[in-house]
Amino acid sequence: MGLTMKILMTGSDGYIGSHLAPYLESKSHEVEQYHGDIADFSISDTNIPDMVIHLAALTGVRKSIEMPEQYYEVNVMGTREVFVACHEYDIPVLFASSSNAKEVNNPYAETKAINEKDRPENSVGFRPHTVYPGRPDMLFQSLKRGDVKYINGGHYRDFTHIEDLCAGVFTIVENYGILRGTVVDIGTGHTVSVLKVADALGYDGEVIFEETPSERAVTCANITELTELGWKPEKDIFDEIRNFK
């Protein structure tokens, strides 16, 4: 788009939102935070944004198994309210999906797959792949603290630094007209052994090799669409670990 925009962001107090909002502001966009229950989402006739970035959601595969109804209410029904409002006012909407939506085997993945199916024409979805350093409850941070009980040696992830993710979303914002109506991956485009990451962080605990029916064994982003628009990931997880040490 290339112009300064007024962006309304849901979930701006979450991990991604708390990094993305200041990043977009550093690129001269104005970010307004949506406060309130996502189920009551609406657009004010007197304050219509140029774009909505929808991040608000319940996250985490294992928690979704424990409370699938709540995940459906927030992630599906709440997101539908955002889509309806943006469609009504013809406001471009970017929404966060998940790499889990590619292989639906848990309630969280199902909600994100439904989001992608529900998406209006004036939207672009993006699938973050294993963002790090991440929330305190996520693997990378748990490994840094040394409180991981075991590692599944058969798991591989496309670890994506939060700064690369923010740059990727910015690329989508700037190229909304090209990407309109699509869902794109944001990652590095290659997989890394979770066990190797754990070893690099000094992990010396139990290693298991078990199938996990509710979790994907391997995730890998297809970043072709964004790299063709000039974006590329800059961060390598092992470089970040060496810097951390």
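In this predicted model, aspartate 164 lies in helix H6, which spans residues 162–174. Although aspartate 164 is buried, it has no salt bridge, and the nearest side chain of opposite charge, that of lysine 235, is 6.9 Å away. Because a salt bridge requires a side-chain nitrogen of Lys or Arg within 4 Å of a carboxyl oxygen of Asp or Glu, that distance does not qualify. The backbone of lysine 235 offers another link, for its nitrogen lies 2.9 Å from a polar atom of the side chain of aspartate 164. Leaving aside residues up to four places away in sequence, aspartate 164 touches Ile186, Trp231, Lys232, Pro233, Glu234 and Lys235.

Helix H6 also leads into the interior. The largest nonpolar core has 32 residues, and those with the most contacts inside it are Ile53, Leu94, Phe126, Val169 and Ile172. Among the elements that give two or more residues to this core are helix H1 (15–26), strand E3 (51–54), strand E4 (93–96), strand E5 (123–128) and H6, and the largest share, 8 residues, comes from H6. A second, separate core of 16 residues includes Val194, Leu195, Tyr203 and Ile241.

Strand E4 is covered on both faces, with Val93 and Phe95 buried on one side and Leu94 and Ala96 buried on the other. E4 pairs with E3 in the parallel sense over 3 bridges, and histidine 54 stands opposite phenylalanine 95 in E4. E4 also runs parallel to E5, to which 4 bridges join it, and here leucine 94 stands opposite valine 124 in E5. Beyond residues up to four places away in sequence, the contacts of leucine 94 include Ile53, Phe126, Val169 and Ile172.

Note on methods:
Residues numbered from 1 in each chain as written. Predicted model: local features only at pLDDT ≥ 70, side-chain atom pairs only at ≥ 80, totals over all residues. Heavy atoms only, no water. Buried < 20%, exposed > 50% of the residue type's maximum accessible area, 1.4 Å probe, protein only. Lys, Arg positive; Asp, Glu negative; His and termini not counted. Polar contact = N/O pair within 3.5 Å; in protein donor to acceptor, adjacent residues only side chain to side chain. Contact = heavy atoms within 4.5 Å. Core = buried A, V, L, I, M, F, W, Y, C linked by side-chain atoms within 4.5 Å. Pairing = 2+ DSSP bridges.
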